[in-house]
Amino acid sequence: MNKTIYSHFDKKAITALPVVTFPGRVVTIITAGEAEKAVDYLLKSDIMGVDTETKPAFHKGQQNKVALLQVSNRDTCFLFRLNFTGITPAIQRLLEDKGVKKIGLSWHDDIRGLEAREPFQPGFFIDLQDIVGEIGIQDLSLQKIYANIFHEKISKRQRLTNWEAPTLSDKQKQYAAIDAWSCIKIYEEILRLKKTGNYHIVEVPEPNGQEMSSKKG
(Lines give C-alpha, C1' and ligand atoms only; values in the text may rest on other atoms or scores of the structure.)
Protein backbone atom coordinates (compact mmCIF):
# COMPACT_ATOMS: atom_id res chain seq x y z
CA MET A 1 0.00 0.00 0.00
CA ASN A 2 1.30 3.42 -0.93
CA LYS A 3 2.37 5.73 1.88
CA THR A 4 0.78 9.18 1.94
CA ILE A 5 3.28 12.02 2.30
CA TYR A 6 2.32 15.67 2.74
CA SER A 7 4.33 18.55 1.30
CA HIS A 8 3.62 20.39 4.58
CA PHE A 9 2.56 18.47 7.69
CA ASP A 10 -0.02 20.06 9.99
CA LYS A 11 1.80 20.90 13.22
CA LYS A 12 -1.46 20.73 15.18
CA ALA A 13 -1.93 17.12 14.08
CA ILE A 14 1.36 16.12 15.72
CA THR A 15 -0.11 16.54 19.20
CA ALA A 16 -2.43 13.54 18.81
CA LEU A 17 0.25 11.17 17.51
CA PRO A 18 1.83 8.42 19.68
CA VAL A 19 5.18 9.45 21.17
CA VAL A 20 8.39 7.90 19.86
CA THR A 21 10.59 5.98 22.29
CA PHE A 22 14.20 4.98 21.69
CA PRO A 23 14.36 1.16 21.50
CA GLY A 24 18.08 0.74 22.12
CA ARG A 25 20.65 1.38 24.83
CA VAL A 26 22.01 4.79 25.74
CA VAL A 27 25.61 5.13 26.94
CA THR A 28 26.91 8.35 28.52
CA ILE A 29 30.54 9.28 27.82
CA ILE A 30 32.35 11.54 30.30
CA THR A 31 36.06 10.63 29.92
CA ALA A 32 38.56 10.53 27.06
CA GLY A 33 39.07 6.79 27.60
CA GLU A 34 35.35 6.10 27.27
CA ALA A 35 35.25 8.25 24.15
CA GLU A 36 38.04 6.20 22.55
CA LYS A 37 36.15 2.93 23.08
CA ALA A 38 32.85 4.42 21.91
CA VAL A 39 34.37 5.80 18.71
CA ASP A 40 36.04 2.47 17.91
CA TYR A 41 32.64 0.79 18.31
CA LEU A 42 30.74 3.37 16.25
CA LEU A 43 33.21 3.31 13.35
CA LYS A 44 32.37 -0.38 12.85
CA SER A 45 28.80 0.64 11.98
CA ASP A 46 27.55 1.15 8.43
CA ILE A 47 25.57 4.29 9.32
CA MET A 48 25.20 6.80 12.18
CA GLY A 49 22.72 9.44 13.21
CA VAL A 50 24.17 12.61 14.75
CA ASP A 51 22.96 15.66 16.65
CA THR A 52 24.13 18.12 19.30
CA GLU A 53 22.61 19.90 22.30
CA THR A 54 23.56 23.21 23.88
CA LYS A 55 22.46 24.74 27.17
CA PRO A 56 19.93 27.45 26.27
CA ALA A 57 20.95 31.08 26.71
CA PHE A 58 18.24 33.34 28.12
CA HIS A 59 20.22 36.61 28.29
CA LYS A 60 21.14 38.85 25.39
CA GLY A 61 24.70 38.32 24.23
CA GLN A 62 25.08 35.06 26.14
CA GLN A 63 26.25 32.10 24.07
CA ASN A 64 27.05 28.67 25.44
CA LYS A 65 29.28 26.06 23.85
CA VAL A 66 27.91 22.77 22.56
CA ALA A 67 27.50 20.56 25.62
CA LEU A 68 26.49 17.25 24.07
CA LEU A 69 27.26 15.30 20.91
CA GLN A 70 24.95 12.35 20.45
CA VAL A 71 25.88 9.67 17.93
CA SER A 72 23.72 6.60 17.34
CA ASN A 73 23.78 3.53 15.18
CA ARG A 74 20.65 1.42 14.84
CA ASP A 75 20.67 0.09 18.40
CA THR A 76 23.06 2.12 20.59
CA CYS A 77 23.38 5.86 21.17
CA PHE A 78 26.46 7.37 22.77
CA LEU A 79 26.09 10.71 24.52
CA PHE A 80 29.46 12.48 24.44
CA ARG A 81 29.33 15.10 27.22
CA LEU A 82 31.60 17.68 25.63
CA ASN A 83 31.30 20.05 28.60
CA PHE A 84 33.34 17.41 30.48
CA THR A 85 35.58 15.97 27.75
CA GLY A 86 35.92 18.67 25.11
CA ILE A 87 36.68 17.43 21.58
CA THR A 88 39.09 14.59 22.35
CA PRO A 89 41.34 13.10 19.62
CA ALA A 90 38.92 10.17 19.34
CA ILE A 91 35.89 12.43 18.92
CA GLN A 92 37.78 14.44 16.30
CA ARG A 93 38.59 11.17 14.53
CA LEU A 94 34.89 10.36 14.47
CA LEU A 95 33.91 13.79 13.13
CA GLU A 96 36.56 13.66 10.40
CA ASP A 97 35.85 10.05 9.36
CA LYS A 98 35.05 9.70 5.66
CA GLY A 99 34.15 6.00 5.66
CA VAL A 100 30.82 5.84 7.52
CA LYS A 101 27.89 8.04 6.48
CA LYS A 102 26.61 10.24 9.28
CA ILE A 103 23.06 11.56 8.99
CA GLY A 104 21.98 14.79 10.66
CA LEU A 105 19.47 17.60 10.26
CA SER A 106 20.53 21.22 9.85
CA TRP A 107 23.96 19.73 10.46
CA HIS A 108 25.83 22.80 9.22
CA ASP A 109 24.65 24.55 12.40
CA ASP A 110 25.96 21.69 14.54
CA ILE A 111 29.31 21.77 12.75
CA ARG A 112 29.71 25.48 13.48
CA GLY A 113 28.99 24.84 17.15
CA LEU A 114 31.45 21.95 17.33
CA GLU A 115 34.14 23.91 15.49
CA ALA A 116 33.79 26.64 18.12
CA ARG A 117 35.16 24.06 20.55
CA GLU A 118 37.85 22.61 18.29
CA PRO A 119 38.56 23.11 14.56
CA PHE A 120 38.23 19.95 12.46
CA GLN A 121 37.68 18.87 8.86
CA PRO A 122 34.11 17.49 8.61
CA GLY A 123 33.96 13.95 7.22
CA PHE A 124 31.09 12.07 5.53
CA PHE A 125 27.90 13.87 6.60
CA ILE A 126 24.49 13.92 4.93
CA ASP A 127 21.94 16.59 5.88
CA LEU A 128 18.31 15.45 5.75
CA GLN A 129 17.23 18.96 4.83
CA ASP A 130 19.12 18.52 1.55
CA ILE A 131 17.23 15.35 0.53
CA VAL A 132 13.67 15.40 1.95
CA GLY A 133 12.59 17.50 -1.03
CA GLU A 134 13.37 14.52 -3.27
CA ILE A 135 10.13 12.89 -2.07
CA GLY A 136 8.19 16.14 -2.01
CA ILE A 137 8.50 17.15 1.65
CA GLN A 138 9.05 20.87 2.11
CA ASP A 139 9.11 20.98 5.93
CA LEU A 140 12.55 21.33 7.50
CA SER A 141 12.08 20.45 11.18
CA LEU A 142 12.87 16.98 12.48
CA GLN A 143 9.57 16.72 14.35
CA LYS A 144 7.46 17.51 11.27
CA ILE A 145 9.47 15.28 8.93
CA TYR A 146 9.30 12.32 11.31
CA ALA A 147 5.57 12.79 11.95
CA ASN A 148 4.95 13.02 8.21
CA ILE A 149 6.79 9.81 7.36
CA PHE A 150 6.11 7.62 10.42
CA HIS A 151 3.01 9.19 12.08
CA GLU A 152 4.70 9.36 15.45
CA LYS A 153 5.60 12.34 17.61
CA ILE A 154 9.10 13.33 18.68
CA SER A 155 8.57 15.19 21.94
CA LYS A 156 10.53 18.45 22.18
CA ARG A 157 9.94 19.05 25.90
CA GLN A 158 13.58 18.52 26.85
CA ARG A 159 15.09 20.81 24.20
CA LEU A 160 15.46 23.84 26.47
CA THR A 161 16.68 21.98 29.55
CA ASN A 162 20.16 22.29 31.07
CA TRP A 163 22.51 20.19 28.95
CA GLU A 164 25.44 21.12 31.20
CA ALA A 165 23.80 19.58 34.30
CA PRO A 166 26.11 17.37 36.41
CA THR A 167 23.94 14.37 35.50
CA LEU A 168 21.52 14.15 32.61
CA SER A 169 18.00 12.95 33.45
CA ASP A 170 16.55 9.85 31.82
CA LYS A 171 14.18 12.10 29.85
CA GLN A 172 17.10 14.14 28.54
CA LYS A 173 18.93 10.96 27.53
CA GLN A 174 15.86 9.63 25.69
CA TYR A 175 15.35 12.94 23.92
CA ALA A 176 18.99 13.16 22.82
CA ALA A 177 19.08 9.54 21.64
CA ILE A 178 15.86 9.88 19.64
CA ASP A 179 17.08 13.01 17.86
CA ALA A 180 20.16 11.16 16.57
CA TRP A 181 18.61 7.73 15.93
CA SER A 182 15.57 9.13 14.14
CA CYS A 183 17.85 10.64 11.49
CA ILE A 184 18.85 7.12 10.44
CA LYS A 185 15.22 6.01 10.25
CA ILE A 186 14.21 9.01 8.14
CA TYR A 187 17.18 8.64 5.79
CA GLU A 188 16.64 4.94 5.16
CA GLU A 189 12.89 5.41 4.63
CA ILE A 190 13.55 8.19 2.10
CA LEU A 191 15.88 5.84 0.21
CA ARG A 192 13.26 3.05 0.32
CA LEU A 193 10.47 5.29 -0.92
CA LYS A 194 12.61 6.66 -3.74
CA LYS A 195 13.58 3.14 -4.81
CA THR A 196 10.10 1.60 -4.65
CA GLY A 197 7.96 4.61 -5.49
CA ASN A 198 5.43 3.33 -2.95
CA TYR A 199 4.17 6.74 -1.92
CA HIS A 200 2.11 9.63 -3.16
CA ILE A 201 2.53 13.25 -2.27
CA VAL A 202 -0.37 15.45 -1.16
CA GLU A 203 0.27 19.11 -1.86
CA VAL A 204 -0.66 21.25 1.15
CA PRO A 205 -0.47 25.06 1.09
CA GLU A 206 2.45 26.46 3.05
CA PRO A 207 1.32 27.57 6.53
CA ASN A 208 1.53 31.21 7.55
CA GLY A 209 5.04 32.15 8.64
CA GLN A 210 7.57 30.42 6.43
CA GLU A 211 9.52 27.74 8.28
CA MET A 212 13.10 28.68 8.99
CA SER A 213 15.95 26.38 7.98
CA SER A 214 16.54 24.98 11.44
CA LYS A 215 15.74 22.06 13.71
CA LYS A 216 13.31 24.05 15.85
CA GLY A 217 9.68 23.06 16.06
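With a relative accessible area of 28%, Y6 is partly exposed. In this predicted model, that makes a handy starting point, since Y6 has an aromatic partner in F9. Their ring centres sit 6.0 Å apart and the ring planes meet at 70 degrees, so the pair counts as edge-to-face. F9, for its part, is buried, with a relative accessible area of 8%. One partner is therefore partly exposed, while the other falls under the 20% cut-off for being buried.

Another edge-to-face pair is made by F22 and W181, whose ring centres are 5.6 Å apart and whose planes stand at 80 degrees. Here the interesting part is where the two residues come from: F22 belongs to the loop between helix 1 and strand 2 (25-29), whereas W181 is part of helix 7, so the pair ties together parts that lie 159 residues apart in sequence. Both rings belong to buried residues: F22 has a relative accessible area of 6%, and W181 has one of 10%. Across the whole structure, a search turns up seven aromatic pairs. There is also an aromatic cluster, formed by Y41, F78 and F80.

Next comes S7, found in the loop between strand 1 and helix 1. How buried or exposed is S7? Its relative accessibility is 0%, so S7 counts as buried. A polar atom of the S7 side chain lies 2.7 Å from the backbone nitrogen of V204. Leaving aside residues up to four places away in sequence, S7 touches G136, I137, Q138 and D139, and also I201, V202, E203 and V204.

Helix 6 (residues 142-150) is a case of its own. Nine of its nine residues are buried, so the helix is largely enclosed by the rest of the structure. The buried residues include L142, I145 and F150, but also Q143, K144 and N148. What do the buried residues of helix 6 pack against? They pack against strand 1 (3-6), helix 1 (11-14) and helix 7 (170-196).

Just past the end of helix 6 sits H151, in the loop that leads from helix 6 to helix 7. Its phi is positive, near 55 degrees, even though the residue is something other than glycine. As a rule, most residues other than glycine have a negative phi. H151 has a relative accessibility of 37%, so it counts as partly exposed.

S106 shows a positive phi as well, at about 55 degrees, and S106 is not a glycine either. This serine is in the loop between strand 6 (101-104) and helix 5 (107-117). Is S106 buried or exposed? With a relative accessible area of 0%, S106 is buried.

Finally, there is the second largest pocket, which holds about 240 Å³ of space. Its lining draws on several stretches of the sequence: V19, V20 and T21 take part, as do I154, S155, R157 and Q158, along with K171, Q174, Y175 and I178. By type, the lining residues split into five nonpolar, four polar and two charged.

Methods. Residues numbered from 1 in each chain as written. Heavy atoms only, no water. 1 Å grid on protein atoms, 1.4 Å probe; cavity = no way out; pocket = protein on both sides within 12 Å on 5 of 7 lines; lining within 4 Å. Points joined across faces, edges and corners; volume = space filled by probe spheres on them. Nonpolar A, V, L, I, M, F, W, Y, C, P; charged D, E, K, R; others polar. Buried < 20%, exposed > 50% of the residue type's maximum accessible area, 1.4 Å probe, protein only. Helix = DSSP H or I, 4+ residues; strand = E, 2+ residues; numbered from the N terminus. Contact = heavy atoms within 4.5 Å. Polar contact = N/O pair within 3.5 Å; in protein donor to acceptor, adjacent residues only side chain to side chain. Phe/Tyr/Trp six-rings, centres within 6.5 Å; stacked < 30°, edge-to-face > 60°.
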